[in-house]
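Q: I'm new to this structure and would love a close look at its cysteines and aromatic rings. Could you walk me through them?

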Amino acid sequence: MAPGLEKGTDFIWRNARALERAVFEHRFGGGPADRIVRIIGSYQNEDGGFGYALEPDLRAPDSHPLFIEFGLKLLHDCGLRSPGIATRVCDFLQRHASLEDGIPAILPTARNYPRAPHWIVSTGETPSLDRLIGLVGLASWQGIEHPWLGPAVEACVRLMAVTRFSDAHTILTAFCLLERLHSGTAEALFEKLARELPTAGCYNADAPVSGYGLTPLAFAPSPDSFCRRLFSNAQLEAHLDDLAAAQAEDGGWPISWDPPSEMARWEWRSILTVNALSTLRAYGRI
């Protein structure tokens, strides 16, 4: 076992929650994929949303769109589809989202629970069409039929065609919608997003990286990723060098923002560690 993988494995067994352990076992030890689905399903509330700090920066038990994005993105990144989970998620979105105004990241009940400083500002509770596009894209990728989802996909495709996106997170999840569509329209929108990404906020095009932001590896975590063609070999190799160098002495990868608690910090570091090891292995670095 390569030293970086050995140290990272030890970090995960020491610190990760059950969900990230299941993802790690699936990717590195042949663990069952359905265990990941079962654990994600355990975070799903009766209303169809996810709760219980699935995204560690909000420590709330009730459902929030932020948690839904995290859960569906994890299923996407693991290549897993769960029609039951996705259908219930769409039930939640149908009740809380507007195709004209969007959906907020967090609902007002988040004020009752600890949260990271970047979720204390009121903008997190403001409905956003950008946030809606990401959720619709991830839900659509699940491949389900739902009475709300079809019109939502059509509305988001129209919006994508006329809106210039300025945040890398929105562009990342919007690509998930295009990955599902497979049409001439999708290809045109792919090229549009590709032109907008280099100047988007929270995007780090060049390595080395300092501070928070998505890198090309977030869009192409493996050589066969949908967005791999956006980046040159040299660009990806530089980020792979930077990613490998960022591993801390304890085997984990650090975070670059303030979480709401030390437990959240360890949870996030475990998430980043599983993702980093997966990407490094996908590109033959470990």
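To start with one residue: is Cys90 buried or exposed?

A: Happy to help! Please keep in mind that this is a predicted model. Cys90 counts as buried, because its relative accessibility is 0%.

You may wonder about its bonding next. The closest cysteine sulfur to that of Cys90 belongs to Cys156, and at 11 Å it is too far for a bond. A disulfide would need the two sulfur atoms within 2.5 Å. Cys176 is in no disulfide either: the sulfur of Cys227 is the nearest one, and it lies 7.8 Å away. Like Cys90, which is buried, Cys176 is buried, with a relative accessible area of 3%. A search of the whole structure agrees with this picture, as it finds 0 disulfides.

Now for the rings. Searching the whole structure turns up 11 aromatic pairs. A pair of this kind is described by the distance of the centres and the angle of the planes. Let's take Trp13 and Phe24 as an example. Their ring centres are 5.9 Å apart and their planes meet at 85 degrees, so this pair is edge-to-face; the cut-off for that label is over 60 degrees. The two partners come from distant parts of the chain, 11 residues apart, with Trp13 in helix H1 (residues 3-15) and Phe24 in helix H2 (residues 18-29). Their surroundings are worth a look too: Trp13 is partly exposed because its relative accessibility is 36%, whereas Phe24 is buried at a relative accessible area of 5%.

Phe219 and Phe231 make another pair. Here the centres lie 6.4 Å apart and the planes are at 55 degrees, so the pair counts as tilted. This pair also links distant parts of the chain: Phe219 sits in helix H10 (residues 216-219), while Phe231 is found 12 residues away in the loop between H10 and helix H11 (233-245). Both of these phenylalanines are buried. They also belong to one aromatic cluster, together with Phe175, Phe190, Tyr203 and Phe226.

One member of that cluster, Phe190, brings us to the charged side chains. Arg229 lies over the face of Phe190, at 3.9 Å from the ring centre. A similar arrangement can be found at Trp141, where Arg81 lies over the ring face at 3.7 Å from its centre.

So, to return to where you began: Cys90 is buried, with 0% relative accessibility, and its sulfur is too far from that of Cys156 for a bond.

Methods
Residues numbered from 1 in each chain as written. Predicted model: local features only at pLDDT ≥ 70, side-chain atom pairs only at ≥ 80, totals over all residues. Heavy atoms only, no water. Buried < 20%, exposed > 50% of the residue type's maximum accessible area, 1.4 Å probe, protein only. Phe/Tyr/Trp six-rings, centres within 6.5 Å; stacked < 30°, edge-to-face > 60°. Helix = DSSP H or I, 4+ residues; strand = E, 2+ residues; numbered from the N terminus. Lys NZ or Arg CZ within 6 Å of the ring centre and 35° of its normal.
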